[in-house]
Amino acid sequence: MSKLYTAKDLEQLIKQGQSLDSVPANAKLTPMARDIMRKHKRSAPAAAPAAAAPAGGQVKIHNPVLPNAEYNWTPGGDPKTAAELEKFFYSKEIQALKERICHIGERIWNKGYVDGNGGNITVRVGDNLVLCTPTLISKGFMTPDDICMVDLDGNQVAGTRPRTSEVNTHLGIMKAEPKAKSCVHAHPVYATAFAVAGVVPPACLIPEPEVFLGEIGFASYQTPGTPENAKEVGALAKRHQSILMQNHGVICWGNDVEDAYWKMENTDAFCQTVSISMQIGGPKSYSPDKLKDLIILRKKLGMPDHRLDELKECELCDAGEFTVNTQPAGASCGCSVPTGEVDEALVQKITDQIMSKLG
């Protein structure tokens, strides 16, 4: 099994006068550890060279593999005693996840997605254990020592700072959708503007959001941190990985913390593009059959999407209760065109009423 190196491990090597070349070729690096490698003008360790191809075959030196940052635990293996809990909370694997949370906190702060002490981040690490950011702290300046741990009922079980009150909303998602291993909540300006306006950006505009976000959800306003908000947002989690919270902000979930953060970026970029397009002529959509191809691709990537199971193809491009389309909210796109004779008497009656008003 390859060893996981954290930023502290690499800093210790440097202090001891050792070269970073001593890091094994198959080592895994936390995001902050990779930053240190780049800082010292060295690339991250590459995989061991593949065996030479037979004569006449294709020559290659790597076998490309997608990195997997999802944290997996042994079911039923949560620590039972205080000593076990302390050992687990300060273990190298959990410390690495704390570093990742801090790294994502810095990124959402640098992007302007949060201000003051806004936003919060969680990572599930057990049947009944979740790491979370503390209350009243800037997400851009956290350290691993600031991170808390709670159970799925929101009771804090570890951490020297009080946990965020809004962790309950994250827990609502995790209880409803076991695939949700991490949640990121923030207030990116464009996506939050859509949430304040009560509008969800329409489908069939840009391929990437359809593949990586799916249909964006919309949760009606509930007081942040309350059981009502957790219930409202949690109910949407099985159908939506990105959820606009009315008059509040955005929450996204993924299989790891960076995946959840990417969905936050995707959501705000999508809303920004739609906002600008509305100022220069209005968004122009592609056809539902093209969206169907993207949804199939999304499902092949293992991401949930209910639309093909619940909607007719002609309904795909205006799915959802809220939309920026001119069509009334909740109206069908019209899979069939009504036929029949024009009611001449009704037309004449309306015409007479209009002329009467004008004259």
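Does Asp 9 count as buried or exposed, and at what relative accessibility? Keep that in mind as you open the structure, which is a predicted model.

**Stop one: Asp 9.** Select residues 7-15 to light up helix α1, then pick out Asp 9 within that helix. Here's the answer: Asp 9 has 19% relative accessibility, so it counts as buried, since the cut-off for buried is under 20%. Now show the side chain of Asp 9 and follow it to the backbone nitrogen of Thr 6, which it reaches at 3.0 Å. Add Leu 4 and Lys 92 to your selection too: Asp 9 is in contact with both, leaving aside its neighbours within four places in sequence.

**Stop two: strand β7.** Next, select residues 182-186. Five of the five residues in this strand are buried, so β7 is largely enclosed by the rest of the structure. Spin the view to check each face: Ser 182, Val 184 and Ala 186 sit on one side, Cys 183 and His 185 on the other, and all are buried.

**Stop three: the partners of β7.** Keep β7 on screen and add residues 120-124, which make up strand β3; the two pair in the antiparallel sense over four bridges. To find one of the pairings, look for Val 123 and its bridge partner in β7, Ser 182. Then add residues 249-254 for strand β10, which runs antiparallel to β7 and is joined to it by five bridges. Here, Val 184 has Cys 252 as its bridge partner in β10.

**Last stop: the surface.** Select Phe 212, Leu 297 and Leu 301 for a nonpolar patch with about 260 Å² of accessible area together. Zoom in on Leu 301 and you're in the loop between α10 (288-300) and α11 (307-310).

How values were computed
Residues are numbered from 1 along each chain as its sequence is written. This is a predicted model: local features need pLDDT of at least 70, side-chain atom pairs count only at pLDDT 80 or more; totals for chains, interfaces and linings use all residues. Side-chain values use heavy atoms; hydrogens and water are left out. Patches are made of residues with over 30% relative accessible area and no salt bridge: like charges are joined within 9 Å, nonpolar side chains (Val, Leu, Ile, Met, Phe, Trp, Tyr) within 5 Å. Accessible areas come from the Shrake-Rupley method with a 1.4 Å probe; for residues, only the protein chains shown count as cover. A salt bridge is a side-chain nitrogen of Lys or Arg within 4 Å of a carboxyl oxygen of Asp or Glu. Buried means under 20% relative accessible area, exposed over 50%, partly exposed in between (1.4 Å probe, protein chains only). Two strands pair if DSSP finds at least two bridges between them. A polar contact is a pair of N or O atoms within 3.5 Å; within protein, one must be able to donate a hydrogen and the other to accept it, and residues adjacent in sequence count only if both atoms are side-chain atoms. Contact means heavy atoms within 4.5 Å.
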